[in-house]
Amino acid sequence: MRSIRAAAVGAVTLSLALAVTACGGGSATGGGSNDSPKTLTYWASNQGASIEADKKVLRPELDKFEQQTGIKVKLEVVPWSDLLNRILTATTSGQGPDVLNIGNTWSASLQATGALLPWDEKNFAAIGGRDRFAETALGSTGARGEDPAAVPLYSMAYALYYNKKIFAEAGISKPPATWAELVEAGRKIKAEGKSPLGAEGSNLSENIHHAFVFAKQRGADFFTADGKPDFTNPKVVDAVKSYVDLMAKDKVIPAGDAEYAQNQSVSDFAKGKQAMLLWQTASANLKSQGMSEDAYGIAPVPVISGTPGGGTQVNSPVMGINMAVFKNTDNLDGAKRFVKFMTSDEEQKILNKAYSAIPPVKSAQADPAFAAPDTAVLKNTLATSAAALPQVPSESQFETTVGTAVKELFADAAAGRPVTAGSVEAKLRKAQQQMPAA
């Protein structure tokens, strides 16, 4: 999912007490009906450079759906800073949209509320069948052993974006394939007076995504097999320290990035201020900021050694956006028709092209537009070296607590305070103590 989510994730514990801010849907205890068959309310996530940009992408497609079905879709594009809180408020009040986008990492947490329509065999059949979707995308739709809480809409993965001109000036002939190579490239870039690598040190979700990859590459997980937090596992501690050390020790991430939380690192890269960027599906964002596709290259996220793959060679979370339906919708049949429309081959091609994402619908991936070099890297990552973030009910709290711990460690690094294994373990222990009881 897209990364402007720090405020959304960080305020989870407050969200259940918020006043109702949305309309639509049925009663809090309803099981869904078709009492309002001519309208749907849709909360879309902010995928583009702005809310207005998203409206320009989505409105023509929603009008097309209305022409085909007679159902008018009331669109609201919700900023990431508000989306999770508004969804959680709607799960308790019953006053939410009919259909909504959710970050795929939230699927299990929202599934646990019981407010979303389960996508069982019958519901999947209504949209063309479960087997239309890539298994990697389906792996981030809810807890194992339960019917998915949502349907994949956009698939994304992390990649390393690099400025070709800065690399050439620093005498770097190819993108780094390992973290040691990235650090060495960073030293050469700094010698040329440039900033090597951008980061979003105050963005809780970005922190989690990278810490997750660093942990996977050390053979570690943040949760045990039975779903219990294991944040102080020595390999997890080492993973978090190694990520923060890119600023604290290796000095390839500038200290000022400790305060970034709103895509400033993407803007810095687009403006040529930084040489490298670790980001998910960035091409459309970079283009919107005036960066030519010829100005940068795209490569897989580095690994410790060897090449990306499964197990300890994982180099990205499975990122993406899922589409969910509130169980209490007043237009159940229309909601499923809308999900079918949005996941049709035609719409998957249109929408994923617009957002530089990868269609989770397998047949749509065959379109030549998704064979370009940038998307080819992302497709290969999703197919071979991406892993799903923990699909546990407490995933949102995990993002909050551990993401905050990493944020605080970046603040320490930026201020010149030592980042040691002990200080990392202490912050992760505090994070684990803040998790809900299993």
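Hi everyone, let's start with an arginine: R218 has a relative accessibility of 19%, under the 20% cut-off, so R218 counts as buried. Keep in mind that this is a predicted model.

So what does R218 pair with? Its side chain meets that of D238 in a salt bridge, with 2.8 Å from N to O. This pair links distant parts of the chain, 20 residues apart: R218 sits in the loop between α10 (204-216) and α11, while D238 belongs to helix α11. On the D238 side, the relative accessibility is 38%, so D238 counts as partly exposed.

There is a similar story with K216. That lysine forms a salt bridge with D221, and the closest N and O atoms are 2.8 Å apart. K216 is buried, at a relative accessible area of 19%, whereas D221 is partly exposed at 35%. Across the whole structure, a search finds 17 salt bridges. Some join up, by the way: E61, K64, E346 and E347 are linked in a network.

Now, back to α11, and on to the nonpolar side of things. The largest nonpolar core has 110 residues, and Y42, F222, L246 and F338 touch the most other members. Helix α11, residues 234-248, gives the most to this core, with eight residues. Let me pick out Y42. Leaving aside neighbours within four places in sequence, Y42 has contacts that include L62, V73, L75, V99, L100, L153, M323, F338 and M342. There are also K74, E76 and N101 among the contacts of Y42. A second, separate core has 19 residues, including F269, A270, V377 and L378.

My last stop is helix α18, residues 421-433. With 13 residues at 1.5 Å a residue, α18 should span 18 Å, and its end C-alpha atoms are indeed 18 Å apart, so the two agree. Which residues of α18 are buried? They are S423, V424, L428 and A431. These cover an arc of only 130° around the axis, which puts them on the same side of α18. And what covers them? The cover includes our friend α11, together with α17 (395-414).

Helix α18 has a salt bridge of its own, between R429 and E425, with the closest N and O atoms 2.8 Å apart. Both residues lie in α18, four residues apart, about one turn of the helix. Here both partners are partly exposed: R429 has a relative accessible area of 40%, and E425 comes in at 31%.

That's my tour, thanks for listening!

Notes:
Residues numbered from 1 in each chain as written. Predicted model: local features only at pLDDT ≥ 70, side-chain atom pairs only at ≥ 80, totals over all residues. Heavy atoms only, no water. Core = buried A, V, L, I, M, F, W, Y, C linked by side-chain atoms within 4.5 Å. Buried < 20%, exposed > 50% of the residue type's maximum accessible area, 1.4 Å probe, protein only. Helix = DSSP H or I, 4+ residues; strand = E, 2+ residues; numbered from the N terminus. Contact = heavy atoms within 4.5 Å. Expected span 1.5 Å × (residues − 1). Arc of directions from axis to C-beta. Salt bridge = Lys/Arg side-chain N within 4 Å of Asp/Glu carboxyl O.
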